[in-house]
Amino acid sequence: MAVFIILSLCSVLVIGMVEGGAGSEEGVERECKPGQPPRCPSISPSAQPWTHPDQSQLFADLSREELTAVMSFLTQQLGPGLVDAAQARPSDNCVFSVELQLPPKAAALAHLDRGRPPPAREALAIVFFGGQPQPNVSELVVGPLPHPSYIRDVTVERHGGPLPYHRRPVLIREYLDIDQMIFDRELPQAAGLLHHCCFYKRQGRNLVTMNTAPRGLQSGDRATWFGLYYNISGAGIYLHPVGLELLVDHKALDPARWTIQKVFFQGRYYESLAQLEDQFEAGLVNVVLIPDNGTGGSWSLKSQVPPGPAPPLQFYPQGPRFSVQGRRVASSLWTFSFGLGAFSGPRVFDIRFQGERVAYEVSVQEALTVYGGNSPSALRSRYTDGGFGLGHFSSPLTRGVDCPYLATYVDWHFLLESQAPRTMRDAFCVFEQNQGLPLRRHHSDIHSHYFGGLTEAVLVVRSVSTMLNYDYVWDVVFYPTGAVEVKFHATGYISSTFLFGAARRYGNQVGEHTLGTVHTHSAHYKVDLDVGGLENWVWTEDMAFVPTAVPWSPEHQMQRLQVTRKLLETEEQAAFPLGSTHPRYLYLASNHSNKWGHPRGYRIQTFSFAGEPLPQNSSVERAVSWGRFQLAVTQRKEEEPSSTSIYNLNDPWAPTVDFSDFINNETVAGQDLVAWVTAGFLHIPHAEDIPNTVTVGNGVGFFLRPYNFFDQDPSSDSADSIYFREDQDAGACEVNPLACLPQAAACVPDLPAFSHGGFSHN
């Protein structure tokens, strides 16, 4: 029996640093010092390459070789005018991104379930055409891979027409040009004030800019408020606003024509930095001096105390009980494929429990943060992070912190704002973990005496997106009951602004001149359940108290609790507004029944304390209209692949995708259905968010739980189950596998050397 043991890492390290190869158990024992336990069986901590060409990798992200082939083909086909996106100006043509084009579901299932040939493997390229009379953004499908021979422009097919150029994401080159404009052309106009308030040094760059969104007030705008913060080395710049914010109009294709439209400084607005400087020289600006002392312990993530005893460590005393080959994970209970959308973030496909598919796709669609405040950078900020790239800004996972030390780590290859692919080391981790909680248990002391139980061991796939200041930890957790938990935690630095006026209406003071601004976090998920097949129905159940005469004493009344059930017929009926009262049980079911005559189903159970949705009279609400709903079920359509678009970020006033259009009163009875789930929370920053927000209490998501899908709990037959009676010797191995631990776990884990994926994507 494979089990988990939690040991103090200090003792593991003392024993486990014995030199020697990882050969047979006998070899290990020979090389260990006398009296020390042997090393545990282990496999390489990295994922294995895909070695079974007969088993499909339909959903695997593109390899470096595939990305290179696509870029080479695009360069050849689009001509010599193509510029490296890393150096491209707005008036250039460049390839912005290349990623996997997901196959049509029907073709994928024909291959996976009926042995048909796999659909052509294709890539989706986003190309900026700035160097033509009518600049636009185009989406091109390139295939077949690995040897592309065709390009198909799908822009009109997907979006109904050309994509306006002002909707394009901002390139890093554009940000660099904006910084150059601010620091070299604009800030010197207020050098006297900045030297007085903020220790300004023109060549020293002790200030940095912080980005905001949306970029303007109406469709067609491209004007961004940038806040200035102290550039504190080794600590969070996000906590050090100096009170200066600049509205930069960068719509023109020529950076020389970009302008500062408005200036905000410590509570007042000015037409320009020159005007601000003039008023300062005239003694008309009340300047608050901001100390440049952010390297203190209260701002840094470096602990001020020396290291203590090492924390507990989990390991596999008989080797890992799952495998990772390519992007496919397999255990004795679960199989699934995982990947990372460059913009949408983590996604899992073809999820099967005990060989039966329960979901075709579970994927993040978007992450939204809505801020409040009394400075321009805060009061207008509505970040849809998919527009920046939840995959693009994933970060390497740190062994032993982001994931268990002995997790399996997997790299991600990507091509974004570059002519060559790059690799992010350790972008994913996969691990099995003992949760330290019984999954089920009962101790019987009445009538018969016995104990039965099962530890809660789960299989987890994880990635982390670092969206400037915030870090989102994305988890999909697989349980031995057939349940799947999907959740995210928020950590990292809060966003802050300069403290002035009625600031406490918008948050809490967290520093001498710093306001932690109120905001909401929301994530939207696509859940394509296939419960017992493609044809599913939507059921809701709840409770009601019904006045009833007591059967044996009719003159008395009682309130009898009973179950209420309803079969939903349309998408409108299956859309539940955020904050409204909705049935506590909602599940998708097939028309097949379990042993007891109930339709086989999977329940969607959310755990979320989302803030209020953006009011529908907001000019940008349609870009995030999915936020209106805690849960909505619609017909699955290939032409509705996502609830949002990366172009919504820079033109929320005329959104490329408006999720509310998906809900148009079509039937949800006996259809291939998708559930769209919103999970989120309100965050009012407080002193304990300094220096970082912690994950405790800041995690939300939902469960997919079997509901009459089985005839009984499938974990009842788990090989990890424990059961013994009063008349048995619970200390005997043949009765209780836990009694075998002194022998089964009498080994030391073979720990790999610590490594880190680095601070660049090269």
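This is a walk through one protein chain, from its overall build down to single residues. Keep in mind that the model is predicted.

Let us begin with the whole chain. The protein chain contains 10 helices and 36 strands. Its radius of gyration is 29 Å, close to the 27 Å that the globule rule gives for 762 residues, so the chain is as compact as a globular protein of that length. If you drew a box around the C-alpha atoms along the principal axes, the box would be roughly 95 × 70 × 70 Å. Of the 762 residues, 55% are buried. The accessible surface comes to about 33,100 Å², and carbon and sulfur atoms hold 53% of that surface. Now think about who touches whom: among contacts with a separation of 6 or more, 67% are between residues 24 or more positions apart.

Next, look inside. In soluble globular proteins, nonpolar side chains tend to be buried together. Here the largest nonpolar core has 106 residues, and Phe478 and Ile604 touch the most other members. Strand S22, which covers residues 470-478, gives the most to this core, with seven residues. Which residues does Phe478 meet, once its neighbours within four places in sequence are left aside? Phe478 is in contact with Trp334, Phe336, Val348, Ile351, Val458, Leu459, Val461, Ala483 and Val484. Apart from this core lies another, made of 39 residues, including Phe183, Trp225, Val242 and Trp258.

Now for the strands. Strands of a sheet pair through backbone hydrogen bonds, either parallel or antiparallel. A good example to find is an open sheet of three strands, in the order S24-S26-S25, with antiparallel pairing. Strand S24 (496-498) and strand S25 (507-511) stand at the edges with a single partner strand each, so one side of each has no neighbour in the sheet. From one strand to the next, the twist averages 40°. Three bridges link S24 with strand S26 (residues 514-517) in the antiparallel sense. One residue to pick out is Thr497, whose bridge partner in S26 is Leu515.

A hairpin comes next. Strand S13 (residues 322-325) shows alternating side chains: Phe322 and Val324 point to one face and are buried, whereas Ser323 and Gln325 point to the other and are not. S13 runs antiparallel to strand S14 (residues 328-331), and four bridges join the two. Across from Val324, in S14, stands Val329. Two residues lie between the strands of this hairpin, where Gly326 takes a positive phi near 65°.

Finally, let us compare two single residues. Is Thr520 buried or exposed? Thr520, found in strand S27 (residues 519-529), has a relative accessible area of 12%, so it counts as buried, because buried means under 20%. Leaving aside its neighbours within four places in sequence, Thr520 is in contact with Leu368, Thr369, Val370, Gly611, Phe681 and Leu682. Pro117 sits in the loop between helix H4 (105-114) and strand S3 (122-129). Its relative accessible area is 64%, so Pro117 is exposed, because exposed means over 50%. Pro117 and Lys105 are 12 residues apart along the chain, and 14 Å separates their C-alpha atoms.

Conventions. Residues numbered from 1 in each chain as written. Predicted model: local features only at pLDDT ≥ 70, side-chain atom pairs only at ≥ 80, totals over all residues. Heavy atoms only, no water. Core = buried A, V, L, I, M, F, W, Y, C linked by side-chain atoms within 4.5 Å. Buried < 20%, exposed > 50% of the residue type's maximum accessible area, 1.4 Å probe, protein only. Contact = heavy atoms within 4.5 Å. Pairing = 2+ DSSP bridges. Axes fitted to C-alpha atoms, helices over the stretch in contact; angles between N-to-C directions. Rg over C-alpha atoms; globule rule 2.2 N^0.38 Å. Areas by Shrake-Rupley, 256 points an atom, 1.4 Å probe, with all protein chains shown as cover.
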